[in-house]
Amino acid sequence: STTLPHLWAVQWMIESMIKRFRFHFLSARSTNRADKPQWHFMDTRDMIQRNMHFFTNQISPLLVHFTEKYEKKQKYLPYIQHYFKFYNVQFEFIKEMVQR
């Protein structure tokens, strides 16, 4: 299994969503209710659904373009092949949202 780096731009976007989640579900707010665990799951699911289009249609193509562009430059090839060829931004987004 290859350990992939966190892309700072993707991490930054995800962190803002996590901050929102923590505000509503890990504080003294009325939305933080132990008797309503489905609220946590529904909110996470909704955030994933609302943002998946962006990650799929904007971020992923950028990574593909970056990989294809710099594969031709031999000095970058090992880094590109090792990290970005296998980076699935959609999976990383969902994983981060569910882990938090």
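1. A residue is called exposed when its relative accessible area is over 50% and buried when that area is under 20%. By this standard, Val 98 and Gln 99 of helix 4 are exposed, on the side of the helix away from its buried residues. These assignments rest on a predicted model, not on an experimental structure.

2. Confidence should be considered before any detail. The protein chain has a mean pLDDT of 76, with 72% of its residues at 70 or more. Of the elements, helix 1 has the highest mean value, 84, whereas helix 3 (residues 77–84) has the lowest, 57. Where pLDDT is low, the predicted coordinates should not be read in detail.

3. The overall architecture is simply stated. The protein chain contains 4 helices and 0 strands, and its elements follow one another as α-α-α-α from the N terminus. Buried residues make up 30% of the 100 residues in the chain. The exposed area of the chain is about 7,200 Å², of which carbon and sulfur atoms supply 59%. As for contacts between residues at least 6 apart in sequence, 67% of them join residues at least 24 apart.

4. Which residues have the most contacts inside the largest nonpolar core? They are Val 10, Ile 14, Phe 55, Phe 93 and Met 97, within a core of 17 residues. Helix 1 (8–25), helix 2 (37–71) and helix 4 (89–99) each contribute at least two residues to this core. Helix 1 provides its largest share, namely 7 residues.

5. Helix 1 deserves separate comment. Its 18 residues reach 25 Å from the first C-alpha to the last, close to the 26 Å expected at 1.5 Å a residue. The buried residues of helix 1 are Val 10, Gln 11, Met 13, Ile 14, Met 17, Ile 18, Phe 21 and Phe 25. Because these residues cover an arc of only 165° around the axis, they lie on the same side of helix 1. Trp 8, Trp 12 and Lys 19 are exposed on the other side of helix 1.

6. Helix 4 may be described in a similar manner. Its buried residues are Val 89, Gln 90, Glu 92, Phe 93, Glu 96 and Met 97. Seen down the axis of helix 4, they fall within an arc of 165° and therefore line one face of the helix. The list includes Gln 90, Glu 92 and Glu 96 alongside Val 89, Phe 93 and Met 97.

7. Contacts of Ile 14 connect the preceding points. Leaving aside residues up to four places away in sequence, Ile 14 touches Phe 55, Glu 92, Phe 93, Glu 96 and Met 97. Of these partners, Phe 55, Phe 93 and Met 97 are also among the residues with the most contacts inside the core.

8. Is Glu 92 buried or exposed? This residue, which lies in helix 4, has 8% relative accessibility and therefore counts as buried. The C-alpha atoms of Glu 92 and Val 10 are 8.8 Å apart in space, although the two residues are 82 apart in sequence.

9. Two arginines belong to the intermediate class of accessibility. Arg 22 is placed in helix 1 and, at 39% relative accessibility, counts as partly exposed. Its C-alpha atom is separated by 9.3 Å from that of Asn 32, which is 10 residues away along the chain. Arg 45 is situated in helix 2 and is also partly exposed, with a relative accessible area of 43%. Between the C-alpha atoms of Arg 45 and Val 98 the separation is 8.9 Å, the two residues being 53 apart along the chain.

Key:
Residues numbered from 1 in each chain as written. Predicted model: local features only at pLDDT ≥ 70, side-chain atom pairs only at ≥ 80, totals over all residues. Heavy atoms only, no water. Core = buried A, V, L, I, M, F, W, Y, C linked by side-chain atoms within 4.5 Å. Buried < 20%, exposed > 50% of the residue type's maximum accessible area, 1.4 Å probe, protein only. Contact = heavy atoms within 4.5 Å. Arc of directions from axis to C-beta. Areas by Shrake-Rupley, 256 points an atom, 1.4 Å probe, with all protein chains shown as cover. pLDDT = per-residue confidence, 0-100. Expected span 1.5 Å × (residues − 1).
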